[in-house]
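Visitor: I am new to this structure and would like a close look at a single part of it. Could you take me through the largest nonpolar core and the helices that build it, and then point out a few places around it?

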Amino acid sequence: IPLLVRAILFSLSIVYVNAVSSCKLFGTFDMPSLFKQGDIMIGGIFPVYNKEVSSTSSYERDPPGVECAGFDLRAFRWTQVMIFAIEEINNDPAILPNISLGYRILNSCASPTNTLRAALTLASRPKETDRTSPCPPAISVSYFSTCACLSDRVKYPTFFRTIPSDYFQAKALAALVKHFDWQWIGAIQSDNDYGRNGILAFTEEVKKLGVCIAFVGTVLRTYTMDKILDVVEMIKKSTVKVILAFVPEGDFYPLMREVVKQNITGIQWIASEAWITAARPSTPEIYKTFGGALGFVVQKMPIPNLKPFLTGINPYADPKAAFVKDFWEIMVGCTPAFPEETTKFETTKEICTGNETLKYSTDVFFNVTQLRVSYNVYKAVYAIAYALHELIFCQPVGEKSIKPCLNISKISPKKVRTDCTPCPQEYWSNDKKDECIPKTVEFLTYHEPMGVAITIVSLLGTSLSLVTMVVFIRYRETPVIKASNSELSCFLLFSLCLCFLCPLTFIGRPTVWTCMLRHTAFGITFALCISCVLGKTIVVVTAFKARFPYSKAAGKFGPAQQRIIVCSCTLIQIVICVLWLTLNPPFPDMVFRYSNKKIVLECNTGSEAAFYAVLGYIGLLAIICLGLAFLARKLPDNFNEAKFITFSMLIFCAVWITFIPAYVSSPGKFTAAVETFAILSSAFGLLISIFAPKCYIILIKPEKNTKKHIMGKTEIQ
């Protein structure tokens, strides 16, 4: 209910009286209203009186009617602007031809209880209509409110804005504070959603800018004087010289009076839109303290032909019209008298003669060039009318209307509010904005060219690795194979086979199992691969650093030590992957941010830290290999494997260094394509750099496959 109330509250309710449903009327609230019958009824709730006169009920009989005080001229003008807009629409055959709009306008007293009463009254049968007619259905409401809390279309589907939310005002006020380099400020909020949400949004913004808030005081028009004085003391004790008041004028006025009374000066006030243009801060009494306040205002716009309509207001035209009598007393200074009416209460004002007129009044009420909230009321009525036109005639206003496509008796409030129901995430709106179409689901498949290419290259790399392994097993007794450590070479070829098969897990619809497999399998197989290369590198360094072929230096790093190196280095990666899968594993994820027409299915890494830990560990092994191989690149032999390992590690590091920025910036399924490219290119780099020269000698130049040729000068020495 608090969401319904603000010092500036405007609600428009669409009520369709041509319903076929029936209901039983149990009772009514005695609420004065402005009423005119029409084919389609629009209801309005305004705080024409801004204070409720409290009353008690014994609950033994019907409660007394609502009594309100504090006539608000601005809110009354909003009611007249609504009536003016409806009359203007009724006189324009281009908008709703042969259909009349009616209205019913009620007072909220600016209180939650009476706003609810007014809403329920709008939902019931108007007392001005025939009691035998069927009841109208539930109403559709559009509130005028800046509260950011109402922006949730799921929670508040019937809410439509005619003014930006307080979220944008809070950002603008924070920028204003930053512009003047104010670092230490205070804040005042109203004890409702408007004030609390406004200050919350403002606080979040100024924290980003390094601004500190010394205190937050809370006020409300119904607060006791003790609570108001507590806020005053808070202001007096603080050292701040800048205070933001995010409150409606009615809630702020009691504090204003007390600040003036206690002569608290020297403060720069920042105002929300609810009181920066209000009349009371501009009075001589208040202005001496609050003059010079800064704030943002609602856009002002003129409404043509409104002034003659306002000056034509007359209590004698409809003696039963609510609010008009009080307005007349304020404007003219006398009480209108009607022949059939007996005055219930004594009045201190003189009785009008009946010749009074507003035609030549210079009161600010009739200034229609500075309209702010009034213009939003005007826009809201027209928005409803345009929505009804498009619903009834199935085309926008301005196009030639041939005939209605919908009978107005079939119209429901839900149909009107749905000039804007968002499609679910899995759907997108078509160009006409009248249908939700399922989004296409996108992921890397075997049928598209990219998937076919990855599959072919992957299988090719696997085949070459297997063929190379067969060659090494077949010629394992030859000097070339013996010199390159046949056991580690076979381990390396086996791990390369697995590396080439890894990209296949990136193709197809992501599932829980494939997402966990693709990253962990890649991490473990490449760790095994680089561990084998590291073992080969250490063998080369220790072997050729030894003075004699059978020295102790070479014997210290035999087959057992080589297996320990490979297993231990791979085991570390296995532990990382197990922790990853246990704590925060990868999972299939639907991503909507890339396109409003597509849903991209991709594997979310779950833990970015774990993913980069896997990559980082592989990179660490590669750098160690590169360093050791670089040291041994000039050893005296004709077949120095350290040179090939150095070259392969350079390729490997270059691929994965360029992979990271490409991976981060690639959208959708191209992320998987980038990763598979890195896997395949680095695997081919290892396969070709390390094994191609050996296969060339074994298969093409067998005459060089001798111990003498391999050892070169070292053998002679």
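Guide: What follows begins with the core, goes on to the pairs of helices, and ends with some single residues.

Please keep in mind throughout that this is a predicted model. The largest nonpolar core in it has 64 residues, and the ones with the most contacts inside that core are Leu496, Met649, Phe652, Trp656 and Leu686. Many helices take part: at least two residues of this core are supplied by each of H12 (449-474), H13 (479-483), H14 (486-501), H15 (512-545), H17 (559-583), H18 (608-631), H19 (641-665) and H20 (670-700). The largest share, 14 residues, comes from H20.

A good place to stand inside the core is Leu686. If its neighbours within four places in sequence are left aside, Leu686 is in contact with Leu496, Cys529, Ile530, Val533, Ser648, Met649, Phe652 and Phe691. Three of the residues with the most contacts inside the core, Leu496, Met649 and Phe652, therefore appear again among the partners of Leu686. Apart from this core lies another one, of 56 residues, which includes Val81, Ile95, Ile99 and Phe327.Turn now to the way the helices pack, beginning with H14 and H20. The axes of H14 and H20 are 10 Å apart, and the two helices pack at an angle of about 155 degrees, which makes H14 roughly antiparallel to H20. Their crossing is left-handed. On the H14 side the meeting residues are Ser489, Leu492, Leu493, Leu496, Cys499 and Phe500, while on the H20 side they are Ile679, Leu680, Ala683, Phe684, Leu686, Leu687, Ile690 and Phe691. Sorted by class, the contact of H14 with H20 holds 13 nonpolar residues and 1 polar residue, with no charged residues.

H14 also packs against H12. Here the axes come within 8 Å and cross at roughly 165 degrees, so that H12 and H14 are roughly antiparallel to each other, and H12 passes H14 in a left-handed crossing. From H12 the contact takes in Ser458, Gly461, Thr462, Ser465, Leu466, Thr468, Met469, Phe472 and Ile473, which meet Ser489, Cys490, Leu493, Phe494, Leu496, Cys497, Phe500 and Leu501 of H14. By class, the residues of the contact of H12 with H14 divide into 11 nonpolar and 6 polar, and none is charged. Leu496 of H14 is thus worth following by eye, since this residue is listed in the contact with H12 and in the contact with H20.

The pair H19 and H20 can be viewed in the same way. H19 and H20 pack at an angle of about 175 degrees, with 9 Å between their axes, and they are therefore roughly antiparallel to each other. The contact of H19 with H20 has 16 nonpolar, 6 polar and 3 charged residues.

Two single residues in the helices that supply the core deserve a look. Ile538 lies in helix H15, and because its relative accessible area is 18%, Ile538 counts as buried. Ile538 and Gln562 are 24 residues apart in sequence, and their C-alpha atoms are 8.6 Å apart in space. Pro559, which is found in helix H17, is partly exposed, with a relative accessible area of 46%. Between the C-alpha atoms of Pro559 and Leu488 there are 8.8 Å, although 71 residues separate the two along the chain.

Some other places can be compared with these. Thr289 is found in helix H7, which covers residues 284-290, and Thr289 is buried, with a relative accessible area of 9%. Not counting residues up to four places away in sequence, Thr289 touches Val259, Val260, Ile264 and Trp269.

Lastly, there are two loop residues to visit. Asn305 lies in the loop between strand S12 (294-295) and helix H8 (306-311), and its phi is near 70 degrees, a positive value in a residue other than glycine. With a relative accessibility of 58%, Asn305 counts as exposed. Cys394 is placed in the loop between helix H10 (373-393) and helix H11 (413-417), and although Cys394 is not a glycine, it has a positive phi of about 60 degrees. Cys394 is exposed, its relative accessible area being 52%.

How values were computed: Residues are numbered from 1 along each chain as its sequence is written. This is a predicted model: local features need pLDDT of at least 70, side-chain atom pairs count only at pLDDT 80 or more; totals for chains, interfaces and linings use all residues. Side-chain values use heavy atoms; hydrogens and water are left out. A nonpolar core is a set of buried Ala, Val, Leu, Ile, Met, Phe, Trp, Tyr and Cys residues joined through side-chain atoms within 4.5 Å. Buried means under 20% relative accessible area, exposed over 50%, partly exposed in between (1.4 Å probe, protein chains only). Helices (H or I, at least four residues) and strands (E, at least two) are DSSP runs, numbered from the N terminus. Contact means heavy atoms within 4.5 Å. Axes are lines fitted to C-alpha atoms, for helices over the stretch in contact, and angles run from 0 to 180 degrees between N-to-C directions. Angles under 35 degrees count as roughly parallel, over 145 as roughly antiparallel, 65 to 115 as roughly perpendicular and the rest as oblique. A crossing is left-handed if the near helix is turned anticlockwise from the far one by less than a right angle, and right-handed if clockwise. Ala, Val, Leu, Ile, Met, Phe, Trp, Tyr, Cys and Pro count as nonpolar, Asp, Glu, Lys and Arg as charged, and the others, Gly among them, as polar.
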